[in-house]
Amino acid sequence: MTLKNYKKKRDLNRTPEPSGELKESRDQIFVVQKHDATKLHYDFRLQISGTLKSWVIPKGPSLNPSKRRLAIPTEDHPIDYANFEGVIPEGNYGAGEVIVWDKGEYDNKTIIDGKELEIEKAYEKGHITIFLHGKKLKGEFALIKTGYEKNKWLLIKKDDSEADRDLDLINEKPKSVISNKDISEKNEKE
Ligand code: MN
């Protein structure tokens with residue numbers, strides 16, 4: 001049960017986050033949630049084996065192939081979490097506001113030693129190549145576990161037609177792709 005840690009960290013009666021179960025689905029999705037917790041960060045989640053495998057990206061994703069973004073693994077989340085926007089109340093794990101910064105389907109493009117590799121195996125190997133169909137994140141990305149430190153991965157944009165060296169994605173496109181709200185706007189409104 002890969003959602004054990006997710007449930008262990010939360011009292012699901014006290015937070016609006018989804019309770020979540022493992023789920024089969026053909027369309028493989030990814031989501032990036034902007035999370036205004038103790039420190040603002042971006043949670044990158046990839047549907048693998050019925051859950052959302054998750055990484056914290058402190059600086060957020062980039063379309064610039066020369067920017068390698070640190071991605072720190074965190075607990076698996078339920079698939080339903082991909083639509084979660086809201087405020088995790090004070091006193092709960094990850095307290096603070098969450099918006100869906102980007103979301104879409106992805107294609108597994110992992111090839112190792114000339115062979116296509118299933119996404120589950122690519123994840124185990126710590127060597128994932130994915131093509132993202134998001135509203136902000138598009139084209140191929142590599143998500144690579146670094147050799148020396150087990151708990152560190154890197155998210156790197158591949159140098160394809162969707163790469164962009166000039167766009168400051170995080171600051172120029174800060175809003176939710178679901179509600180079109182940014183975190184601070186929502187706070188003011190509520
Ligand atoms: Mn988070």
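Reader: Which residues coordinate the manganese ion?
Author: This is a predicted model. The contacts to the manganese ion run at 2.1 to 2.3 Å. The donor atoms are ND1, NE2 and OD, which belong, in that order, to His35, His41 and Asp43.

Reader: How are the donor residues of the manganese ion spaced in sequence?
Author: The donors are His35, His41 and Asp43. Written as a pattern along the sequence, their spacing is H-x5-H-x1-D.

Reader: Are His41 and Asp43 buried or exposed?
Author: A residue counts as buried under 20% relative accessible area and as exposed over 50%. His41 and Asp43 are both placed in one of these classes, and that class is buried.

Reader: Which residues lie nearest the centre of the largest pocket?
Author: The largest pocket has a volume of about 150 Å³, and 14 residues line it. Strand E2 (40-48) and strand E4 (69-77) each give two or more residues to this lining. Nearest the centre are His35, His41, Asp43, Thr74 and Tyr93.

Reader: How many residues of each class are in the lining of the largest pocket?
Author: The lining is sorted into nonpolar, polar and charged residues. The counts, in that order, are four, five and five.

Reader: Why does the salt bridge of Glu75 and Arg10 tie together parts far apart in sequence?
Author: The two side chains meet at 2.9 Å, N to O. Glu75 lies in strand E4, whereas Arg10 lies in the loop between helix H1 (4-8) and strand E1 (29-36), so the pair ties together parts whose separation in sequence is 65 residues.

Reader: Which residues are linked with Arg10 and Glu75 in a network of salt bridges?
Author: Glu75 is buried at 7% relative accessible area, and Arg10 is buried at 10%. Their salt bridge belongs to a network whose other members are Lys9 and Glu17.

Reader: Is Lys158 buried or partly exposed?
Author: Lys158 forms a salt bridge with Glu140, with the closest N and O atoms 3.4 Å apart. Glu140 is in strand E10 (residues 138-145), and Lys158 is in the loop between strand E11 (153-157) and helix H3 (169-172). Glu140 is buried at 16%. Lys158 has a relative accessible area of 46%, so it is partly exposed.

Reader: Which residue of the salt bridge between Asp160 and Lys157 is buried?
Author: The two side chains meet at 2.7 Å, N to O. Asp160 has 23% relative accessibility and counts as partly exposed. At 3%, the buried residue is Lys157.

Reader: How many salt bridges does the count come to?
Author: The pairs described include Glu140 with Lys158 and Asp160 with Lys157. For the model, the count of salt bridges comes to nine.

How values were computed: Residues numbered from 1 in each chain as written. Predicted model: local features only at pLDDT ≥ 70, side-chain atom pairs only at ≥ 80, totals over all residues. Heavy atoms only, no water. Donors = N, O, S within 2.8 Å, 3.2 Å for Na, K, Ca; no water. Buried < 20%, exposed > 50% of the residue type's maximum accessible area, 1.4 Å probe, protein only. 1 Å grid on protein atoms, 1.4 Å probe; cavity = no way out; pocket = protein on both sides within 12 Å on 5 of 7 lines; lining within 4 Å. Points joined across faces, edges and corners; volume = space filled by probe spheres on them. Helix = DSSP H or I, 4+ residues; strand = E, 2+ residues; numbered from the N terminus. Nonpolar A, V, L, I, M, F, W, Y, C, P; charged D, E, K, R; others polar. Salt bridge = Lys/Arg side-chain N within 4 Å of Asp/Glu carboxyl O.
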